[in-house]
Each structure stands twice: as C-alpha cells, then as structure tokens.
Amino acid sequence: MDSVLVEINRVLSSEEARAVIKAIVILLAGLLFAWLLRSRLARGRFNEGHIALLRPLISYIVIGVTVLWALRELGLNMSVLLGAAGILTVALGFASQTSASNIISGFFLMAERPFSIGDYITVDQNTGEVLSIDLLSVKIRTYSNQLVRIPNETMLKSNVTNITRFPIRRLDMKLGVAYKEDIERVREICYEVAHKNPMCLEEPAPFFIYKGFGESALEFQFSPWTTRENFWEFTTQMHIEIKRAFDEAGIEIPFPHRTLYTGSVTEPFPVQVMSADKIDTNSAQD
Amino acid sequence: MNNGRIPETGWIGGFHVKHGQTRGFRIGPMTLWIQRLENEWRIAHEDSLDPMDESLNLETETPEQSILETKNAVRFSFADDSEEITFSARLADRPVVTRSEYSLNVPAHEEVTAYVSTPLWMVISAGRKPKLLLEMPLYRPSDTFFGPSTLEGELCYASEAFYRLKLDNQPMLPHRAVTAVLVRNQSDKALSLDLIKLPAPNLSLYRIGENMFCTQDIVYTRTEGDDFASLDLRQKPGITKGPAGDKIKALLVSKPREKVTGNIVTRAFSSLFK
C-alpha cells in the first residue's frame, strides 16, 4: 500500500504531471471565465440581438486563447503551432471570405440597430417578424409562416424597412370618383367615415389631398392614421366603409372601360339576335 | 317588487336573471342583453353612435331572435347555478385626451379649473362569489396619439365631450365620469389649453347619487414654458353636488387600475398635432 502511495507521490511531483494539472486548471478557469462573461452579457444593457451575436464570439475567443495557453503549459512549441495556424488561417481566410464578411456585417448591424428581435421588417421581397440576429444571418418568419434566412451582408446592402419601429402608421388610400361628383362632398364623407371608426386616430388628424384630373376619375388621396397593431384590420374596414358610404351617397367610383373594335379591314363580330321566347327557353335549360 | 334589482343603486349593483330568462338594459349608448341558461350566461350588446346618449332603462325589451344572432354576443360556461349578475364600472384603461370647444389661453401665473368628461368601462361579474365575465366600454372612444411627433408619444383615447369651465355645463351622464382638473400655470409663458390629458388609469371612480359618476380632483402645475406639468392626485372628489343641487357623499366604485405614488411630471397639454 505504502509503495503505491509513494509511486503516486512520485508521479504527481514530476514536472510532466504538474504541467498537465496546470493545463487542466487553465482550461477549467478559461471555461469558467467564458461562462461568467456570457452571464454578464445577459444581465448587461445589451438587447437580444446583441447577445445572440456576442455570446458565441466571446466563447470562441476565450476558449481559443485558453486552449493555446494550456498547450503552451504542456510544453508544446508555440512557434511551430502558430506557424501552422498562420498557414491554416490563410487557407481558411480564402475559404471563408463570405462568412467573415457576414460576421463583420453583423457587427455593423449591431452598432446601427435598424431593428430588434420581434420587429416586422421588409427586406427585398420578404416581409416578416425578426426571429433571431445571429453571427452570420438574420432569420425572419414571413406572414405565411415560412422561415427566411438572410445573410448579414445582404441585410447591410439591402433596403430594410422596419414596419413596427414607431407606434402609429398612416394608411394612404388612393381613391377616384367620377367627374360629375362634388369633390367637397366626397371630402366630407371621407372625414365622416374616419371619425366614426374608433381605430382611426383623432391626432394626427386624417388628411385629404386632391391629386388631379385623372384619365377617368377625379383622383385624390385620403390618409388616416391608426396604431400599428390595428393597421391591417383598419385598412380593410376603411375601404369597406368608404365604398359603402359612397354607394349610399350615390357617388360613383369609375373604373376603366374597354371597347372592342375590330377595325375596318377585318370582318365585324358575328352577333346573333335571339327572340325573348328563345332566351327564356335557353335559360330554363340552364 | 324590485324585479330582482337591489334598490337604490342605479345601474351599479346586482340584478337577478332567472334560468331561461333574458333581461335587457340600456345604459347611455349601449343596449345590453343578458340571458341565463343552464350552466351558461350569454351576453350581447349593441351600441348607438351617439356618445352623449342620456338613455337609462334597466328593463328594456329583449330581442325576438336569439341574442346570439347579435353581432357582439359572447357565451360563458358557468357551473355555479346562481342567478345573480353584478354590474360595476371602471375608468378607461388608457389616458383620455379632451379638447376645448373654443381655444382657451391661461396667462402666466394664472389658474383655471376645467371639468372633463370621460367614458366608463362596464364590468360584468356573475355568481355568488362574483367572477369576472366581461369588461367593455359603454361607448368605445376613438384612439388618439398624444405626443410631440409621430415617433414619440402615448396612445390615448379621445373624449368626444369638450371640457367645460363650469360644472353645470358638463352633463352628468350614466355612462361617463366627470373630473375637476385644476391647471396652475406657474411659468412665465401663457399656456394654450387646447388639449388636456386625463390620466384615467391612475384615478379612482366615485358615485354621487344613483347614476352620476366622478373621480377625485387632479392638479396640474406647469412651471416651465412647455407642455409638461407635475401631476397631483387629490384624495377625494371635489364634485359633491347631487342631481337636485344638494350635497351628496361620494361613494367609491372602483380603485385605480395603476397606482401612482408621489408627484409625477407628465406631458399634460396640447401636442404637436393641432
């Protein structure tokens, strides 16, 4: 028994064993430090997007430095390792240009903060809710419940519209009425409809702009405001209510008419004239 | 015979609805039907478009068809076989912005008392130990945005009633509460009092008489030349005049939705959108 203890003591007191223990302690301390930094990040003044981006980055850097340090303690020649790492870095650099560009773009996005998690944004043709802002990409969920991954570099280069940044939104309704209508009366009806809808904000007040004499209508824009939560419901309601109010007031909303003309060279369309009896018979058969 | 209604309470209080019975109530612009069925309460309502409707009838006609045909009908499953339904009231869940009929200016170091009328929310509970079924406005006011720009501000309700400088000119309606707002302009600049924001969620609601409601008084003190003022909530309502002009004790109906402690500074007057 004593001989075993003596042997253990001899092994532990050797230079190699001490180096291994030291390396393990450094690794554990590094992991603890990375964990502490990540928890501090969650409690800090960073938003969810920043945390999602910084958390993996901090882990990679701290753990990388710790591993190098531990290897040095084990007696590994760092110059050889760093030389190999340099060659590897060049190779990786060429291979991962896009990823690096995305990571750097992610930092620019983080600094600029054009949107946060939970916002609704439009990028190119995609509109949806921001689910996450990651190291390489932003993930959004479209209205039709599809996941779209947009690389950070694309986000930085594209026009991004944040739909939900501000608490209220304006609905721009492009309308037209027939030339015979009284534009003052049309304006009154629009304001009346807006006033009766509780989702329409009193302030900022709606406004009415006469846009000009169109091809087939007197054209104008009516723009009431609502909250961003009610926007889609309000859009539908306002169009229904304005159409109904115009119908009740006998105001005509014109639409383009198409006249078919065969010209003078071609034969005219064949037209068959049917007697009333025959039409009735045909209808009954239908 | 009181038809199940607890006497002397106006529309606030308990009402009896027998199994299989439908009862109708008209409170201001809202017509309400309540039906008691086995293990179920049904509630439906219709609103008139007049926010200042004075109607009050606790025995209105019930519709011939099922009340579920009504646009706003809701059903509640209820194991308790009690036939008791309780009505109460609360103030709005957002601040209410009210305007003057004609532009009013308060010169520097002057003060004015404005009487502001705000809509009430009806709270319907049922059972021996009342459980909340529904809370809804007796008249749904329009939304409005109160702030210096479209980027920054607060979502509020817009009151359809103008504020008045005399209490007698402010109608005391069964579906609205009146608040006395003392505005002290202690700055060196005149104050244009086109709009006043009433912090309705921070106020208690009181009943004076059967169907008249008020809140405790509030004081806005403006010291700088902008639209901000410090808000001081008084303990009790100053409005204690009953329908016959006699003095009446105000009874608490509901506590504030959000309690405020100490003085707070808030944007209280006109916003950018004029």
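Across the interface of chain A and chain B in this predicted model, the salt-bridge rule finds one pair. That pair is A:Glu203 with B:Arg99, whose closest N and O atoms are 2.7 Å apart. Over all chains the count by this rule comes to 27 salt bridges, and several of those within chain B are described below, together with the interface and one helix of chain A.

**The interface of chain A and chain B**

- The contact draws 15 residues from chain A and 13 residues from chain B, and the two chains bury about 1300 Å² between them, with 62% of that area on carbon and sulfur atoms.
- On the chain A side, A:Pro198, A:Glu202 and A:Glu203 lose the most area to chain B, and together they make up 45% of what that side buries.
- A:Glu203 therefore appears twice in this picture, as one of the residues that lose the most area and as the chain A partner in the salt bridge with B:Arg99, where the general point is that side chains of opposite charge can pair when their charged atoms come close.
- Besides the salt bridge, the polar-contact rule finds five residue pairs across the interface of chain A and chain B, with both residues at pLDDT 80 or more.

**Salt bridges within chain B**

- The side chains of B:Arg23 and B:Glu59 meet in a salt bridge with an N to O distance of 2.6 Å, and this pair links distant parts of the chain, since B:Arg23 is in strand β2 (residues 22-27) and B:Glu59 in strand β5 (residues 56-60), 36 residues apart.
- The two partners differ in their surroundings: B:Arg23 is buried, with a relative accessible area of 3%, whereas B:Glu59 is partly exposed, at 44%.
- B:Glu40 forms a salt bridge with B:Arg75, the closest N and O atoms being 2.7 Å apart; because B:Glu40 lies in strand β4 (residues 40-47) and B:Arg75 in strand β6 (residues 74-77), the pair ties together parts that are 35 residues apart in sequence.
- Here B:Glu40 is buried, with a relative accessible area of 12%, while B:Arg75 is exposed, with a value of 53%.
- B:Asp80 pairs with B:Arg128 in a salt bridge whose closest N and O atoms are 3.0 Å apart, and this pair joins two loops, with B:Asp80 between β6 and β7 (84-90) and B:Arg128 between β11 (121-126) and β12 (131-137), 48 residues apart.
- B:Asp80 is buried, with a relative accessible area of 18%, and B:Arg128 is exposed, with a relative accessible area of 60%.
- Salt bridges that share partners join B:Glu40, B:Arg42 and B:Arg75 into one network.

**Helix α5 of chain A**

- Helix α5 of chain A covers residues 97-112, 16 residues in all, and reaches 22 Å from its first C-alpha to its last, which is close to the 22 Å expected at 1.5 Å a residue.
- The buried residues of α5(A) are A:Asn102, A:Ser105, A:Gly106, A:Leu109 and A:Met110; they lie on the same side of the helix because they cover an arc of only 145 degrees around the axis.
- On the other side of α5(A), the exposed residues are A:Gln97, A:Phe108 and A:Ala111.
- Following α5(A) comes A:Arg113, whose phi is positive, near 50 degrees.

Technical notes. Residues are numbered from 1 along each chain as its sequence is written. Chains are lettered from A and ligands numbered from 1 in the order in which they are written. This is a predicted model: local features need pLDDT of at least 70, side-chain atom pairs count only at pLDDT 80 or more; totals for chains, interfaces and linings use all residues. Side-chain values use heavy atoms; hydrogens and water are left out. Helices (H or I, at least four residues) and strands (E, at least two) are DSSP runs, numbered from the N terminus. The expected span of a helix is 1.5 Å times one less than its number of residues. Buried means under 20% relative accessible area, exposed over 50%, partly exposed in between (1.4 Å probe, protein chains only). The arc is that of the directions from the helix axis to the C-beta atoms. Contact means heavy atoms within 4.5 Å. Buried area is the accessible area (1.4 Å probe) that two parts lose on being put together, summed over both. A salt bridge is a side-chain nitrogen of Lys or Arg within 4 Å of a carboxyl oxygen of Asp or Glu. A polar contact is a pair of N or O atoms within 3.5 Å; within protein, one must be able to donate a hydrogen and the other to accept it, and residues adjacent in sequence count only if both atoms are side-chain atoms.
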